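I opened the notebook today to follow one sheet from strand to strand. The entries below keep to what I looked up, in the order in which I looked.

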Amino acid sequence: MKYGVKSKSMMMLLPLLAACSGSDGDTLAASTPQLDTAVASQGVTQPAAAVKPLSDFDVWAKRLMADRMSPIVAAAGDFSIGWIGADSRAANVVVRAPRVADKATVQIAVPAAGADATPLFQAALTQLKKQGGGTLKVAPGEYVFRSLSGGSHFPIIKMADVDIQADNAHFVFQNDADGIFIQDSQRIRIHGAKIRDSRVLSGSGHIKLINGEKRLVLDQPLPGGLSVVGVGPVNEGIHNFFQNRLRAVFFPGGKQATTTDNVTFSATDFAPFPDGQAVVVKYTYYGNRAVYVRDSYTGTSEDIVLDGVRIGSIGGIGVLIKSRGRGFAIQNSSFSADAGRPFGTNFDGIHVIAAAGDILIRGNSILHTGDDPINLRSIIHKVTALDKNSVTINNDARLVRLGDELAFFNKDGDYLGRRVVTSAPAIGNSDTVTFGLAAGEPNTEAAYVRDINMTPRRFAVVNNTIAETVGRGMLIQVANGLIQGNTLRNLPRTAIRLLTSYDPWLEGAGAINVRITNNTIEGGRAELGFNYVTGIITSLGEVVSAKIPTNFHNGPLKIDGNKFVAPNTACLALYNAKDVVEQNNTCG
């Protein structure tokens, strides 16, 4: 391994595993150029270039890079963007708009004050389903969803070609359930809606020394039915979070803070906080989602668009996607806290667990998230039993279907080969499932599995503003992507983290063929508490938690034209990355 520091640009390559190869990494010259010239001048036949076998990582990367182009050709009104990737080849994403030109419009008027909006919307959606789609015009005003339908406030299930025009319509959800739930639907667009939970799900307070004990004292009483689940320091009066690992988390089913009254709480976890420290407090642990796209075990959602939507205070994740489909766009939207609340979303802003690709996140403002503003990842399954032509896996295994292509990896995260699923039991309650496999490449060492059909490929994150949040700016753990023209400021941790993590998170395919270009990062910081250096942009892999492995997990990467303003740490720290180009970056 080679260590180097480029001090002028504050770029740190620690250890940067960047073997130089040909355009596709397949071959390596057999001799030096000088020897070739000398041999040629003597009329001696030059030796043929020796063929260098592809590494395990090369084979895996080639498989993912083959899907860099959308299978959909954009038509008028669709959402798309193209670029030249880190591998110097064209890539693109396409998300289709609803096809509603020949379909009727259904209108919704603001209900009487105090009336429940849930039945009103369900009647309108039923009409749209009967007519095969169309436009839903929602009049400006406030719509309070007091009841649930099928477990959520606003379910859109098994529908196609629906355009919901809701400019200045305020959707207020009152129950501990998901807001807009989309399942097994295609070409759905929601435009202009403002979404929030009516409940107070986060608050503020101070750590105070009372009778020799550090206690949490809330600024406002804890709302009924909720509890203190997370406490972290904040610069008082502004949404500016410290580069600090100091926090107290109370997991459901675990140790809890003791209640003295509805504003005062005791816990040994508060002891390290300074007396008088201002803190922000979460009252939910991964609560409801504002928008949740979730396939059933038999259906698929595709081409779901949120355009000009505003997501206010939510107890869980703002937008969560768990689908086998392709085509998801979030653009011209905003995520931010409602007045008097520290968090917009108590956890991530946008989180993609699974998708087939064509993810477009463009022109959004993402503020005040209680965790990472953007996390694009995929699922890693653990192998619990292995036979010649069958495998038992867990961790969302029920999402795997017949005909899926499974990729196998050993305990070190090295790629072993692929097999196709030929049989599976009926879906039950267990998430540990045994699948039959077609004959193929050996997998006797398999410890982990990724399902290609649920691994996101093709994404673009462009022209977004991300600021004043608790977490990292972006976690990018998937292939064939563009990160361009974004502004990230006042982040307490890594701005862009390129990653795959077997342990502890069981997520990510690796940042493969990702270009990071022309972004502006203001006041960037790094991670604390690791035994290796991190930077404002960091690439790494985790096979064993908190340890840097010795094999490749990311690359090719192209990091060019980025501007780091007043950085507080190294601008780049790259590990486990192959074929990296770094040029024209300015590290203030």
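Which residue in E40 is the bridge partner of Phe 459? I looked this up in the predicted model and found that the partner is Gly 481. The pair belongs to the contact between strand E37 (residues 457-462) and E40, where I noted 5 bridges and a parallel run.

I then asked how many residues of strand E40 (residues 479-484) are buried. The count is 5 of its 6 residues, and I therefore entered the strand as mostly covered, buried being under 20% relative accessible area.

Moving on from E40, I found 4 bridges to E43, again with the strands running parallel, and the bridge partner of Leu 482 in E43 is Arg 515. Strand E43 (residues 514-517) is in turn joined by 4 bridges to strand E46 (residues 557-560), which runs parallel to E43; here I noted that Thr 517 has Asp 560 in E46 as its bridge partner.

Next I took the sheet as a whole, which is open and has 12 strands with parallel pairing, in the order E5-E6-E9-E12-E22-E25-E28-E37-E40-E43-E46-E49. Strand E5 (105-108) and strand E49 (580-583) stand at the edges, and because each has a single partner strand, one side of each is left without a neighbour in the sheet. On average, and ignoring direction, I recorded a turn of 5 degrees between neighbouring strands of this sheet.

My last entry concerns helix H3 (residues 118-130), which packs on the sheet and touches E5, strand E6 (134-138) and strand E9 (160-165). The direction of H3 makes about 160 degrees with that of E6.

Technical notes
Residues are numbered from 1 along each chain as its sequence is written. This is a predicted model: local features need pLDDT of at least 70, side-chain atom pairs count only at pLDDT 80 or more; totals for chains, interfaces and linings use all residues. Side-chain values use heavy atoms; hydrogens and water are left out. Two strands pair if DSSP finds at least two bridges between them. Helices (H or I, at least four residues) and strands (E, at least two) are DSSP runs, numbered from the N terminus. Axes are lines fitted to C-alpha atoms, for helices over the stretch in contact, and angles run from 0 to 180 degrees between N-to-C directions. Contact means heavy atoms within 4.5 Å. Buried means under 20% relative accessible area, exposed over 50%, partly exposed in between (1.4 Å probe, protein chains only).
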